[in-house]
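Biologist: Could you take one sheet of this protein and go through it closely, strand by strand, after a short word on the whole? Please give the cut-offs behind each term as you use it.

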Amino acid sequence: MRIKTLLSVLAALAVTFVATVTALPMAPASAADHQAASRIHTLINDYRAQHGLSPLAWNEGLAGVAGAWTEHSAAVANVQGAGSFMHNPNFMNQYPAGALSYSENIAWSMSADQSFQWWAGSAPHRANMLRGADTDIGIAVVQLTSGPNKGAYLATANFGQYEGTAARIEADRKAAAEEAERVEAERKAAAEEAARVEAERKAAAEEAARIEADRKAAEEAARIEADRKAAEQEAARADAERNDAADQSAADKAAAEKAAAEKAAAEEAARAEAERKAAEQEAARVEAERQTAEEAARVEAERQAAEEAARVEAESNAAEEAAGIQAAAVPAAPETTPEPTSAATPPASASNEEDTDEAEPAASAEQGAPAQGSASADINGAASTARTPGIPVMLESSDAAALTPATKGDFRADSRGSGLALSGLTPGATYQVFLHSTPINMGLVAADDQGALALAVPAELPAGDHKVALYLDGELVGWQPFTVEAAVDVMAASAVAGSGPATLANTGLTRAQLMVGGLGALLVAGGMGILLILRQQKRVGDVADASRI
């Protein structure tokens, strides 16, 4: 009788629970949630590339399945805690038509990177991410806004295999490679044509110099000949005067010779003048070709400058996007430390739908992404001896002995899960940040206009008490203690008849889009440069034809 009563009570409680969950509204995903999903997609494809596998294409249908389940689960977890997050029991039936395989990973953690690290450290989750036959993926991430695990993230990744995806990706890759080869061939052809024009210009200049030398030699010979004839004429005239013009016929003959000599001198002068004018015209043509070649070189220089400007712009945009993603990756501090899903499982663990084995935190840390910042072997904290105006001084390390009560400073440090928030700083100032005990260089970080900045605590920093030290232009401005909390558990489902990649919702320009945009700008600039070079070549040909005429 007691057993029947107990079963009745349990059944009533189950009905009440289901009714409550069904009545809860769905927690919508924010822009930060979409960025977190995009981050997980990038980490999974990078992980597959490290194992020689093709990337998983983003599938909006799979993303919709993951999003609906994650948002529904978040509504429940905002009331009952993240421990209520379970696998979608009907995800296979919700896949878009044509799927050849199905699998799902889920996790609740404090960041997108932490979810990926736990999946990589768990054999069944890792198998879902590295299934070679998969082609598509859909990911959704929702941050809890209330409840005992406020600030934690729920993440769902649905993998699938679809025919045609791999062929389309390969075709796009080949088309991009062929286009790059075509652009390179056109660039080389333009360079070769510019070199040919320069060689022709030099040859024309040498020919003009030779013609000028011939002209001067001809003028000198004509002058010598004229002097000789003049001397002969003067001697004939003197002889004729000395003989008193006794012989009229001799005088007539002398006059005839003089006339012939003058005529010959006039003809020689006319010929020399014609050669001089021809040399001037040839020199003008050569100068026109030289100016045309210089214009072509200027156009090429402008094209290269445009390419460099486009590359610098693409790198700047990529750096700004990376900075935005890093800022978005720092979560708000949870009010209550997340509790593990299993009392026997370490804090950083995950679960799989087909395999209930749990991944240990140590394996997750070994498989995870590298820690932010780098610690130098030099513990003296010496700054660079060269001080460049306008560039902050960077220390190689931080001296722990300098962190005394007298140098503590008056700013605040609040640790929230895997994030560290600093306040009370100089607005807009750029600080170099070190984390102790073993110094970890977090690099240069700028405070906002409220005098606050946020940091993501590196995964390798153990749980416990630590110190954060701030330097301004190489000088210690203060330090504060903070505490790193223990990690949390994750869960994941194994594959069902195969697996497949997926993509996330597009939230702004990705690095790939920036690269494609930069390549497009380079192609446009290169095409304009080549068009200008061809027009200049046509102009050179027209000038050459006119000079020949």
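Modeller: The protein has 10 helices and 13 strands, where helices (H or I, at least four residues) and strands (E, at least two) are DSSP runs, numbered from the N terminus. This is a predicted model, in which local features need pLDDT of at least 70 and side-chain atom pairs count only at pLDDT 80 or more, while totals for chains, interfaces and linings use all residues. Residues are numbered from 1 along each chain as its sequence is written, and side-chain values use heavy atoms, with hydrogens and water left out.

Of the 549 residues in the protein, 36% are buried, a term that stands for under 20% relative accessible area, with exposed meaning over 50% and partly exposed in between (1.4 Å probe, protein chains only). If one takes the contacts between residues at least 6 apart in sequence, 76% of them join residues at least 24 apart, a contact being heavy atoms within 4.5 Å.

The part to look at closely is an open sheet of 3 strands, in the order β5-β6-β9 and with antiparallel pairing; two strands are said to pair if DSSP finds at least two bridges between them. Because β5 (412–416) and β9 (453–456) stand at the edges with a single partner strand each, one side of each is left without a neighbour in the sheet. From one strand to the next, the twist averages 20°, with axes taken as lines fitted to C-alpha atoms (for helices over the stretch in contact) and angles running from 0 to 180 degrees between N-to-C directions.

Between β5 and β6 (residues 419–423), the antiparallel pairing extends over 5 bridges. Going along this pair, arginine 412 has serine 423 of β6 as its bridge partner, serine 415 is matched with leucine 420 of β6, and arginine 416 has glycine 419 as its partner in that strand. The hairpin of β5 and β6 has 2 residues between the strands, and glycine 417 takes a positive phi near 65° there.

On the other pairing, β6 runs antiparallel to β9 and is joined to β9 by 4 bridges. Glycine 419, the bridge partner of arginine 416, also stands opposite alanine 456 in β9. As for cover, β6 is mostly covered, with 4 of its 5 residues buried.
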